[in-house]
Each structure stands twice: as structure tokens, then as C-alpha cells.
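Visitor: I should like to understand how the labels attached to this structure are justified. Please take me through the reasoning.

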Amino acid sequence: MTLATSPVFDQWMAAALDEARLALPSGDVPVGALVIDALGNVISAAHNERELKQDPTAHAEVLAIQRAAEAWHSWQLPNTTLVVTLEPCVLCAGAILAARIPRVIFGAWDEKAGAAGSVHDLLRDRRLNHQVEVIGGVEADATGAVLREFFAERRES
């Protein structure tokens with residue numbers, strides 16, 4: 001796990017966090033994701049839409065990857081970075097690997113379903129045909145706070 005951080009990573013995570021908050025009105029878990037090109041430009045952005053679409057695959061990462069692939073007219077996304085506010089799950093790790101995304105930067109760790117180093121480490125599994133550079137814990141306090149607030153409100157309701 002690369003624990004490097006930089007001001008640009010913090011900026012990207014702030015933008016992903018803004019995207020995550022867009023999930024709140026529909027009752028979706030506030031997770032946001034961006035696909036960034038090699039020059040640092042945002043290709044696509046998405047937030048969770050599982051509740052909104054009643055689609056179990058409408059995770060922020062999957063939607064951001066789909067939108068980036070559509071923008072690039074290619075299922076392969078080399079020379080990109082996926083920035084996401086929560087450690088990707090197994091479903092999202094599979095999409096990341098399938099799209100050949102070389103780097104993932106995430107915020108909060110997911111100790112229950114994470115697939116980028118906490119529960120599983122699919123993104124760096126040497127048995128697979130593609131491995132991903134993983135940078136976790138970027139702005140973890142801020143990204144984790146949004147999730148904790150969301151679930152605390154759910155428990156109170």
C-alpha cells in the first residue's frame with residue numbers, strides 16, 4: 001500500500017467528496033468517484049445510485065468507469081486514476097481490473113467489504129492479469145466522517 005499523499009490527491013478527494021454528497025437526497029450511501037486522465041483532468045464523476053436506480057451494481061466506481069469508457073469510446077482506461085471516497089468493494093475492484101485502470105486513490109477504509117487491502121486485496125493480486133497501484137487513506141478523516149454521519153442518521157430514524 002502506497003501511503004503517499006500530495007496536494008493534488010487532496011484536491012481530487014475533495015471533489016470526490018462533493019460528488020459523494022450528491023447521493024444523499026436519494027438515500028444512497030454517500031460515496032463519490034472520479035476518473036482522472038494523465039494530465040489531471042476529470043473524465044467522469046459519479047456517486048452511488050443504487051437506491052435511486054434500484055440497481056445493485058450502481059456503485060459510484062462502476063458508474064464513473066462506465067461514463068469514462070463512454071467518453072473515451074473504449075472499455076480500457078490506461079493512464080487514468082480512479083479516485084473514490086471509500087475503499088472499493090469486490091464488485092468495484094472487478095470493474096477496475098476489467099477497465100485496466102492503473103491507479104486507485106481512496107479515502108476511508110472499508111473494514112467490512114474492502115477489496116483494496118483491508119478485507120481482500122484483489123487490486124494487487126499477482127495471480128490476476130492486471131495489478132493496480134493503490135493509495136489508501138487520503139483524506140480518510142473527512143471521507144469517513146460523511147459516512148459515519150450518514151449511518152448515524154439511519155440508526156436514529
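Guide: Let us begin with D125, whose relative accessibility is 14%. The model is a predicted one.

Visitor: Why is D125 called buried?

Guide: Buried means under 20% relative accessible area. D125 has 14%, so D125 counts as buried.

Visitor: What makes R127 exposed?

Guide: The label requires over 50%. R127 has a relative accessibility of 74%, and therefore counts as exposed.

Visitor: How do you know that D125 and R127 meet in a salt bridge?

Guide: The cut-off is 4 Å between a side-chain nitrogen of Lys or Arg and a carboxyl oxygen of Asp or Glu. For the side chains of D125 and R127 the N to O value is 2.7 Å, so the pair qualifies. In general, side chains of opposite charge can pair when their charged atoms come close.

Visitor: How many salt bridges does the structure hold?

Guide: The structure holds five. Among them is the one between K53 and E49, with the closest N and O atoms 3.3 Å apart. R67 also forms a salt bridge with E49, again with 3.3 Å between the closest N and O atoms. This second pair links distant parts of the chain: R67 lies in helix α3 and E49 in the loop between β2 and α2, 18 residues apart. E49, K53 and R67 are thus linked in a network of salt bridges.

Visitor: Why is K53 called partly exposed, and what is E49, buried or exposed?

Guide: Partly exposed lies between the 20% and 50% limits. K53, at 44% relative accessibility, falls in that range and so counts as partly exposed. R67, with a relative accessible area of 31%, is therefore partly exposed as well. E49 has 7%, which is under 20%, so E49 is buried.

Visitor: What makes β1 and β3 a pair of strands?

Guide: Pairing needs at least two bridges. Four bridges join β1 to β3, so the two strands pair, and they run antiparallel. In this pairing A33 stands opposite V84 in β3.

Visitor: How do you know that β1 and β2 pair?

Guide: Five bridges are found between β1 and β2, so the requirement of at least two is met; the sense is antiparallel. One bridge partner of V35 is S44, in β2. The two strands form a hairpin with five residues between them, and G40 in the turn has a positive phi of about 90°.

Visitor: What is the strand order of the open sheet?

Guide: The five strands are ordered β2-β1-β3-β4-β5, with mixed pairing. The edge strands are β2 and β5, each of which pairs on one side only.

Terms used
Residues are numbered from 1 along each chain as its sequence is written. This is a predicted model: local features need pLDDT of at least 70, side-chain atom pairs count only at pLDDT 80 or more; totals for chains, interfaces and linings use all residues. Side-chain values use heavy atoms; hydrogens and water are left out. Buried means under 20% relative accessible area, exposed over 50%, partly exposed in between (1.4 Å probe, protein chains only).
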